[in-house]
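Please look over the model shown below, and keep its strands and its cysteines in view while reading.

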Amino acid sequence: MARSVRPRTLGRLMRWWPPYRFAGIKVLSIADDWGAARVRLRLGRLNRNWFGTHFGGSLYSMCDPFWALLVLHRLGSGYVVWDKAAEIEYVTPGRGDVFAEFVLDEERVAAIRAAAEGGAKVLPWFDCTVVAADGTVVARVRKQLYVRRKRAPGAAGPAPTAVPGA
């Protein structure tokens, strides 16, 4: 996906992306400034587990790309952003629509930018909570990103840097 795509356009395209469409995942919104996103997962026969609750893979999938997308677009084209690691904790079974919201504030973006300024790789963690319509916590998802400034061809990079608040 090109970096120049508008948030609203990307949200619409992701609604038709087969892994999301068939899993019952819908991107409800992506903020115009790439500072937030909201996603819904409907419980259906294609994403139920043996117990009639949300399949854990669908709960993770609804959260998978958003931190990387938000960070990538907020930092701009001078940075490399990749998923590095993830964790999910299942708290309670999800039996209806569940929602995830991602909010990336300017202070966090500034901290990542400052840590990557010298060309070092930065490995920040981001948290997200999947909640039922009534606010009950269904799962907690953590994602670690790999972020660094793009290097000039042939340049070697410095050692990793910690990010405050990660």
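The paragraphs that follow take up strand pairing and then the cysteines.

This is a predicted model, in which local features need pLDDT of at least 70 and side-chain atom pairs count only at pLDDT 80 or more, while totals for chains, interfaces and linings use all residues. Residues are numbered from 1 along each chain as its sequence is written, and side-chain values use heavy atoms, with hydrogens and water left out.

Strands are DSSP runs of E with at least two residues, numbered from the N terminus, and two of them count as paired if DSSP finds at least two bridges between them. A convenient place to begin is strand β6, which spans residues 137-149 and pairs with strand β3, residues 79-90, in the antiparallel sense over 11 bridges. Within this pairing, V81 has V147 of β6 as its bridge partner. Strand β6 also pairs with strand β5, residues 125-132, again in the antiparallel sense, over seven bridges, and here D127 stands opposite R142 of β6. Strands β5 and β6 form a hairpin with four residues between them, and G135 in the turn has a positive phi of about 95 degrees.

Turning to the cysteines, the structure holds zero disulfides, a disulfide being a pair of cysteine sulfur atoms within 2.5 Å. C63 is in no disulfide, and the nearest cysteine sulfur, that of C128, lies 4.0 Å away; C128 is likewise in no disulfide, with the sulfur of C63 as its nearest cysteine sulfur. Are these residues buried or exposed? C63 is buried (under 20% relative accessible area, computed with a 1.4 Å probe on protein chains only), with a relative accessible area of 1%, and C128 is buried with a value of 3%.

Notes: Buried means under 20% relative accessible area, exposed over 50%, partly exposed in between (1.4 Å probe, protein chains only).
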